[in-house]
Number of protein chains: 2
Amino acid sequence: MKVKKDKIFFRSDCPISSALDLFGDKWSLLIIRDIAYFGERTFKDFSEAAEGISSSRLADRLSKLESLGVLTKSNHPTNRKVYLYNLTTKGFDLFPIIAEYVLWSNKYLYDHISEPAKEFAKMLQSDREGTLNQFMKK
Amino acid sequence: MKVKKDKIFFRSDCPISSALDLFGDKWSLLIIRDIAYFGERTFKDFSEAAEGISSSRLADRLSKLESLGVLTKSNHPTNRKVYLYNLTTKGFDLFPIIAEYVLWSNKYLYDHISEPAKEFAKMLQSDREGTLNQFMKK
DNA sequence: AATATAACTTCCAATATGAAAGTAAAAAAA
DNA sequence: TTTTTTTACTTTCATATTGGAAGTTATATT
């Protein structure tokens, strides 16, 4: 495990800009999404997501997210060359942000998004709390 | 007004990655924030925000957001060298995303964020719908 | 008439990203 | 038990994005 020195520096004391300083890139929330949706994931699992993240980028996002405390890395119970990534509560708490992105896209990019995504949006619309809890209480 | 050719291409049909393809940078949501919070803004107003966006970056985010239809640019009623930027409904509809960032940061970056931000988070916690409507129904 | 200002644009150095190839250790296959 | 795969990265390097500073142009102000 490497010691990363990426000092986080916040552009201001605004909670929005500060969150963006931490997760405001094109990949972090997709990593969170994968774990929230599928559960425990391996490096390879993330690599195979449709968006096609490069391994160098994936490696440093994972280590950044781990050092931020939104996810954990642990050993696979039987296979010693595989590691398992999971969300912490801090990570699951990003799920409402993800949900709002889904709702916005469902409204404005409807013709572009997948059927399962539309179903998920429908669930969120009819029962926001329940749907969020279902994903966050894992 | 220049014709920008930035073709948007989506990495996948996921609503989250697609939204990030449009707004997943460090500045777009801050521009939305400024208008949602203060109302109509000028180029200079945005430039003076605490985060310190550069004018080149500001210029191209504004034109990108305008071409995406989340904001509009119009003439100032009396001063012909000033332009006014406003949100469209599509832009206001990004506000719930912003609100969730505020709530997350209020929980996990509490010691770092400003007092007014904490107040806003409190409002959201006690009356989410009402608070969102207050900002989105402008 | 001279000066200042708003809204950009241009240019360039610095940083971030993506793609491809490489490495090490462990697991699976032969 | 030797060979081949597989997993989880790391390294390298070309390219894209960003930040900063210095213009530019058309008003507005003094």
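In the predicted model, the protein surface near DNA strand D comprises six nonpolar, seven polar and seven charged residues. Of the 20 residues around this strand, those that come nearest are Ser55(A), Lys81(A), Tyr85(A), Arg57(B) and Arg80(B). Sugar and phosphate make up 67% of the atoms of DNA strand D that come within 4 Å of the protein. Both protein chains contribute secondary-structure elements to this surface: helix 3 (43-47), helix 4 (55-68) and strand 2 (83-87) of chain A, and helix 4 (55-67) of chain B, each supply at least two residues. The greatest contribution comes from helix 4 of chain B, which gives four residues.

Individual polar contacts to DNA strand D involve both bases and backbone. In chain A, an N or O atom in the side chain of Ser55(A) is 2.7 Å from a base oxygen of the strand. In chain B, a polar side-chain atom of Ser56(B) is placed 3.1 Å from a base oxygen of DNA strand D. The phosphate part of the strand is represented by a phosphate oxygen that lies 3.2 Å from a polar backbone atom of Tyr83(A).

The two protein chains also meet each other. The contact between them draws 44 residues from chain A and 44 residues from chain B. Together, chain A and chain B bury about 4200 Å², and 69% of this area is on carbon and sulfur atoms. Polar interactions are present as well, with 27 residue pairs in polar contact across the interface of chain A and chain B (both residues at pLDDT 80 or more). On the side of chain A that touches chain B, two or more residues are given by each of helix 1 (15-23), helix 2, helix 5 (89-92) and helix 6 (95-108) of chain A. Helix 6 of chain A gives the most to this side, with 10 residues. The side of chain A that touches chain B is made up, by class, of 24 nonpolar, eight polar and 12 charged residues. Four salt bridges are found across the interface of chain A and chain B. A salt bridge joins the side chains of Glu100(A) and Arg128(B), with an N to O distance of 2.8 Å.

Within chain A, the division is into domain 1 (1-90) and domain 2 (94-138). The C-alpha centres of these two domains of chain A are 21 Å apart. Contact between them involves eight residues of domain 1 of chain A and seven residues of domain 2 of chain A. The two domains of chain A bury about 700 Å² between them, with 77% of that area on carbon and sulfur atoms. On the side of domain 1 of chain A, the residues that lose the most area to domain 2 of chain A are Leu29(A), Ala36(A) and Tyr37(A), which together account for 58% of what that side buries.

Across the interface of domain 1 and domain 2 of chain A, zero salt bridges are found. The number of residue pairs in polar contact across this interface is likewise zero, where both residues must have pLDDT 80 or more. Helix 2 (residues 28-38) of chain A gives the most to the side of domain 1 of chain A that touches domain 2 of chain A, with five residues. By class, this side of domain 1 of chain A has six nonpolar, no polar and two charged residues.

Note on methods. Residues are numbered from 1 along each chain as its sequence is written. Chains are lettered from A and ligands numbered from 1 in the order in which they are written. This is a predicted model: local features need pLDDT of at least 70, side-chain atom pairs count only at pLDDT 80 or more; totals for chains, interfaces and linings use all residues. Side-chain values use heavy atoms; hydrogens and water are left out. A residue is near a molecule or strand if one of its heavy atoms lies within 4 Å of it. A polar contact is a pair of N or O atoms within 3.5 Å; within protein, one must be able to donate a hydrogen and the other to accept it, and residues adjacent in sequence count only if both atoms are side-chain atoms. Ala, Val, Leu, Ile, Met, Phe, Trp, Tyr, Cys and Pro count as nonpolar, Asp, Glu, Lys and Arg as charged, and the others, Gly among them, as polar. Domain bounds come from an automatic or database domain assignment. Contact means heavy atoms within 4.5 Å. Buried area is the accessible area (1.4 Å probe) that two parts lose on being put together, summed over both.
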